[in-house]
Amino acid sequence: MKILFLSAWWPSRVHPRHGNFVEKHARLVARRHEVTVVAVQEDYDLPVGEREILDRRRDGFREILVYFGRRPGQGQVSVFWRRFGAYRVGVNLAKASGGRFNLIHANILIDAGVLGAWYSLVTATPLVISEHSSRYSRKDPLPAPRRWLARWASQRAAYVMPVSKYLQREMEEGHGLRGKYRVVSNSVDCDRFRPGKGVGRENAPLRLLHVSDFTEETKNISGLLEGVRLVCHRTPNRVTLHI
C-alpha cells in the first residue's frame, strides 16, 4: 500500500524533536508499506515568500520537508495560507514522482488534516486523521475560519483517531467536531516499560517518573505536583516523584 503522511508536527532544523513520535510512526509503517511524508515548517531565517525543500529517503520512507519564510508578528491567516501553499508544493512533488496514493494519514487536524481533506476530495483517496493536540482542552473556541475548516475536515475523514477518550470528548462536545471517531492510544514498548518487581504489592513504594518539556499549559506540572502532594499526605512514604 502507498501511504501519504501529512504532518503539522515533524522534526526539523528549527525544532529537532517536534513531532518525533510521528517520525517513529512513519518508520514503523514503512516496514510493510510504501510511505511518503510531507511536512512543512516556518523558518524566520528565510525571507518571506521564499521556500526551501528537503527531499530525501531515509529509514525506509521518503521525507519531503518544505520550509517557508515567515516574519515575526505575521497574521495567523497569512501564515495558514503560506503553510497550505507549502503543503501543496510538497504534495505535488510527491505525486509527480510517486503516483497515486492508497491512503492519506494526516497528523494534527489543523492544519494537516484540512489539507488532507482537500486532497482526499480531489483525488477520492481515503483519509484518516490522528490527533494529539491539547488545544481542545481549552475552553476558548477555535477562531471561526479554523473552526469551519476543522469541522469540514473531521466529517470528511474515514476516521478521526484521537489518542484518548478524553481528547475525543473535548473535540466533539467542546468544539463541535463531529466525525467517525476511533481512539488509538499512543503506543508503549511494554517489553521495555513495565512495572518492576514488587509494584502493586501492599506497602510497596511507588517511584513515579515524569518526562516532558515542562510547559505548564499543556503538561499541567502544577496539577501533577498537587496530586502527588495529596497522595503523600494520605499515604506517607509510599510515593516518590522523579521529574
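**A salt-bridge tour**

Start by selecting Arg62: this residue is buried, with a relative accessible area of 12%. Keep in mind as you click around that you're looking at a predicted model.

Now add Asp55 to the selection. Asp55 and Arg62 form a salt bridge, and their closest N and O atoms are 2.8 Å apart. Unlike its buried partner, Asp55 is partly exposed, at 36% relative accessible area. If you're wondering what brings such residues together, side chains of opposite charge can pair when their charged atoms come close.

Next stop: Arg27 and Asp59. Show their side chains and you'll find another salt bridge, 3.4 Å from N to O. Arg27 sits in helix α1 (residues 20-29), while Asp59 is in the loop between β3 (51-58) and β4 (61-69), so this pair ties together parts that are 32 residues apart in sequence. Check the surface here too: Arg27 is partly exposed, with a relative accessible area of 31%, and Asp59 is also partly exposed, at 41%.

Don't clear that selection yet. Which residues are linked with Arg27 and Asp59 in a network of salt bridges? Add Glu23, Arg56, Arg58 and Glu63, and you have the network on screen.

Now jump along the chain to Arg138 and Asp140. Their side chains meet in a salt bridge of 3.2 Å, N to O. Arg138 has 35% relative accessibility, which counts as partly exposed, and Asp140 is partly exposed as well, with a relative accessible area of 34%.

Want to keep hunting? How many salt bridges does a search of the whole structure find? The search turns up 14, including the Asp140 and Arg138 pair you just selected.

How values were computed: Residues are numbered from 1 along each chain as its sequence is written. This is a predicted model: local features need pLDDT of at least 70, side-chain atom pairs count only at pLDDT 80 or more; totals for chains, interfaces and linings use all residues. Side-chain values use heavy atoms; hydrogens and water are left out. A salt bridge is a side-chain nitrogen of Lys or Arg within 4 Å of a carboxyl oxygen of Asp or Glu. Helices (H or I, at least four residues) and strands (E, at least two) are DSSP runs, numbered from the N terminus. Buried means under 20% relative accessible area, exposed over 50%, partly exposed in between (1.4 Å probe, protein chains only).
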